[in-house]
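Hi,

Here is the structure I promised to pass on to you. Have a look at it first, and then read on for my notes.

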Amino acid sequence: MSFLLFQSSVVVYLLATAAYLVFFLTQKNTLRRTGRAIFLVAFLLHTANLIARAFEAGHTPITSHHETVSFFAWSLGCCYLSFRWRYVVKNLGAFVSLLVFGLMLIAAFSSRTMLPLPPALQSWWLPVHASTSLFADGFLALSCIGSIMYLLQEREIKKKRFGLFYSRLPSLETLDKLNHHCLSVGFPLFTLGLITGSLWAKQAWGAYWQWDPKETWSLITWFLYAAAVHQRFTVGWRGRRVAILSIVGFLSVLFTLWGASFLLEGVHTYVA
Amino acid sequence: MSRDAIVLLGVNHKTTPLAVREKLALAAGYEEPLRALGQLEDLREYYLLSTCNRVEVLFTCRDVERARDRVLELLFGQAITKAEAEQYVYRYVNAEAVEHLFLVAASLDSMIVGEAQILGQLKEAYRHATKVGSSGFILNKLLHKSFSVAKRVRTETRIGAHAVSISYAAVELGRKIFGALAGKKVLLVGAGEMAELAAEHLVAQGVAEVVVANRTLQRAVNLARCYNGRAVSLEELLDQLRQVDIIISSTGSPDLILRKEDVRSVMRERRNRPLFFIDIAVPRDLDPGINDLDNVFLYDIDDLHNVVEMNKSERDREAVKAQRIIAEEKLKFGKWLANMESTPTIVQLRAVVEAQIRAEVEKTMGRFDGMDEQRRQGLERMVAAITGKVVFPALHYLKTDNHCIGMPERIKTVRELYLLDTTTGEQEES
């Protein structure tokens with residue numbers, strides 16, 4: 001059941017991405033509405049998939065690599081829809097759907113077998129810590145997308161050569177606001193993820209902090225974002241510099257997610 | 001019989017330098033000049049429009065030459081000499097006047113082609129004219145028509161949607177930087193014509209405040225008044241930079257008036273809120289290095305020209321489309337006017353025929369006055385019906401488009417056939 005739901009949600013995400021990309025190039029308004037509707041359908045299918053999988057596995061489905069990346073994609077969809085509901089950011093959907101689809105592809109290609117939960121992870125900390133962290137990642141991913149859009153748009157305006165993006169991307173102000181919003185939600189969530197993880201570690205392994213690669217990289221990421229948020233609130237950094245920091249921060253997030261698991265050995269290895 | 005001529009006199013930004021326009025502008029509002037025009041016996045209907053860029057008066061009259069001289073004397077006589085009026089004031093009659101009014105309403109004659117403000121100003125001016133009752137049958141129709149023409153141009157072409165001029169390009173850029181321009185503050189450095197043009201466009205976009213800095217404060221004050229803004233001196237420039245968002249510079253200064261370092265220090269105090277500099281001065285006022293600062297964007301006149309060029313071919317297409325609409329509407333209005341010419345003949349014809357029928361009926365049935373109400377009404381209805389039937393072929397002949405025979409020709413035929421010019425005894429000019 002969950003398998004079928006997953007499969008269909010991937011296909012519908014693909015359709016949504018295609019619709020959004022064609023809309024991005026042609027700027028036909030009907031396509032945007034179609035894209036939005038398809039994306040919503042895919043998101044609902046995906047949600048159903050997560051619920052079904054939770055029942056089948058008997059625990060929160062954020063343990064294997066497949067589950068983690070899938071949940072990451074879902075949380076990104078959540079953040080996007082929550083943002084879409086509050087602000088209008090022209091053509092954000094094209095970028096978001098592309099990333100969501102990419103994540104879903106990665107999830108699709110990793111093993112979907114349901115592993116029995118190791119005793120150390122059998123705790124109600126699992127849903128709290130994992131979902132908080134992944135939701136934080138969702139917002140940070142959105143901020144990264146906004147930052148990329150910002151840099152593309154800013155480059156065209158500064159260089160005074162208007163190509164593909166000038167008319168299609170929203171104003172710099174809007175993109176900066178998007179970034180601001182995502183950082184001010186994503187960063188506290190990320191902090192919360194770190195704290196809950198540390199509390200859980202104390203409970204499961206007896207120590208708050210073990211300096212395993214995943215923890216170390218999370219801390220590095222935290223410092224990167226802390227710097228961005230701090231500079232924004234004190235010195236009033238905005239625009240390009242914050243955008244670059246957000247992108248670097250998100251790269252660090254991705255390394256924490258994959259690099260630290262596959263390249264470096266540590267206690268988190270069973271979790272992607 | 002001939003109808004009144006439609007005459008339009010005026011000055012605008014194309015024909016007349018700002019210095020003269022300033023003198024002609026109706027600073028005190030419409031009421032007084034409209035009332036003064038009412039004193040002239042030559043005018044039948046009249047209406048006045050005064051904006052920052054134009055002063056126009058539209059009227060209908062019999063004797064074009066005389067009315068024109070009187071109106072010029074009355075409106076502009078105190079401000080400019082006769083020779084100047086001869087040089088600057090344009091004068092359109094009938095079809096040309098109609099076309100010009102349509103062009104103005106559709107914003108094709110504006111400083112910034114396609115801007116939407118002018119239509120509102122036109123409606124406002126018309127409102128004043130109706131208030132004093134100076135617009136009549138013809139002007140009402142003409143002005144309402146001009147509103148609908150403007151609307152048609154706006155909906156059927158994209159003349160308003162593209163960067164149609166330098167300042168429009170600047171506004172587009174501003175939008176891409178700031179999102180909405182509502183609530184932003186604009187600083188004009190130098191009060192030249194280009195600055196004025198850009199300011200007009202920004203005001204149309206709803207900017208919160210216009211600040212004008214100029215070497216001579218008086219000009220700054222004058223321009224600021226135009227946009228309900230305030231004037232400052234050039235020495236306050238750096239202070240003002242902390243508060244404003246968009247700076248349009250157009251001074252005649254041979255040197256740079258702002259350097260990169262000045263702006264860098266201001267940005268710190270602004271907490272990096274973006275600044276958009278537009279340098280339309282030649283030679284340049286602003287250090288090109290300013291563009292390298294984060295969150296600061298600088299466009300000079302050449303950059304803007306490039307932006308405009310990108311949109312130009314599209315704009316030209318749209319302008320052609322708009323011109324076509326106006327030509328079409330001008331023709332339609334001309335037809336309406338021509339039909340107006342036939343109206344007195346139709347009225348007269350009906351009256352003559354009805355009088356004859358009535359006379360015959362009274363001869364047989366006795367005088368209408370002495371009858372009881374019901375009977376009289378029945379006969380009245382019959383008279384009206386017979387009149388309608390009898391004059392119908394003639395009306396049909398007058399009203400249907402006929403390509404071979406012109407309207408005046410047809411009117412003449414009908415008048416001769418029914419002996420309209422001799423039976424009534426009333427001599428009409430034909």
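To start with a detail: which residue of β8(B) is the bridge partner of L188(B)? It is I248(B). Please keep in mind that this is a predicted model.

That pair belongs to β5(B) and β8(B), two strands that run parallel and are joined by 4 bridges. β5 covers residues 185-189 of chain B, and 4 of its 5 residues are buried, so to speak of it as mostly covered is fair by the burial cut-off of 20 or more other C-beta atoms within 10 Å. β5(B) also pairs with β6(B), again in the parallel sense, over 5 bridges. There, V189(B) stands opposite A213(B) of β6(B).

**The sheet in chain B**

These strands are part of an open sheet of 6 strands with parallel pairing, in the order β7-β6-β5-β8-β9-β10 (chain B). At the edges are β7 (230-233) and β10 of chain B, each of which pairs on one side only. On average, neighbouring strands in this sheet are turned by 20 degrees against each other, direction ignored. Helix α10 (residues 217-226) of chain B packs on the sheet, where it touches β6 (209-214) and β7 of chain B. The direction of α10 makes about 160 degrees with that of β6(B).

Further along the sheet, β8 (residues 246-249) and β9 (residues 275-279) of chain B run parallel and are joined by 4 bridges. One residue to look up there is S249(B), whose bridge partner in β9(B) is D279(B).

**Chain B as a whole**

Chain B has 16 helices and 10 strands. Of its 430 residues, 38% are buried. Among the contacts in chain B with a separation of 6 or more, 73% are between residues 24 or more positions apart.

**Where the chains meet**

In the contact between the chains, 17 residues of chain B meet 15 residues of chain A. On the chain B side, α8 (166-178), β10 (296-300) and α13 (301-365) each supply at least two residues. α8(B) gives the most, with 5 residues. By type, the chain B side divides into 7 nonpolar, 5 polar and 5 charged residues.

**Confidence in chain A**

The mean pLDDT of chain A is 85, and 97% of its residues reach 70 or more. Among the elements of chain A, helix α5 (residues 125-159) has the highest mean, 90, and helix α3 (residues 65-86) the lowest, 86.

Happy browsing, and best wishes!

Definitions and conventions
Residues are numbered from 1 along each chain as its sequence is written. Chains are lettered from A and ligands numbered from 1 in the order in which they are written. This is a predicted model: local features need pLDDT of at least 70, side-chain atom pairs count only at pLDDT 80 or more; totals for chains, interfaces and linings use all residues. Two residues are in contact if their C-beta atoms, placed from the backbone, lie within 7 Å. Ala, Val, Leu, Ile, Met, Phe, Trp, Tyr, Cys and Pro count as nonpolar, Asp, Glu, Lys and Arg as charged, and the others, Gly among them, as polar. A residue is buried if 20 or more other C-beta atoms lie within 10 Å of its own, exposed if 12 or fewer, and partly exposed in between; C-beta atoms are placed from the backbone. pLDDT is the predictor's confidence in each residue, from 0 to 100. Two strands pair if DSSP finds at least two bridges between them. Axes are lines fitted to C-alpha atoms, for helices over the stretch in contact, and angles run from 0 to 180 degrees between N-to-C directions.
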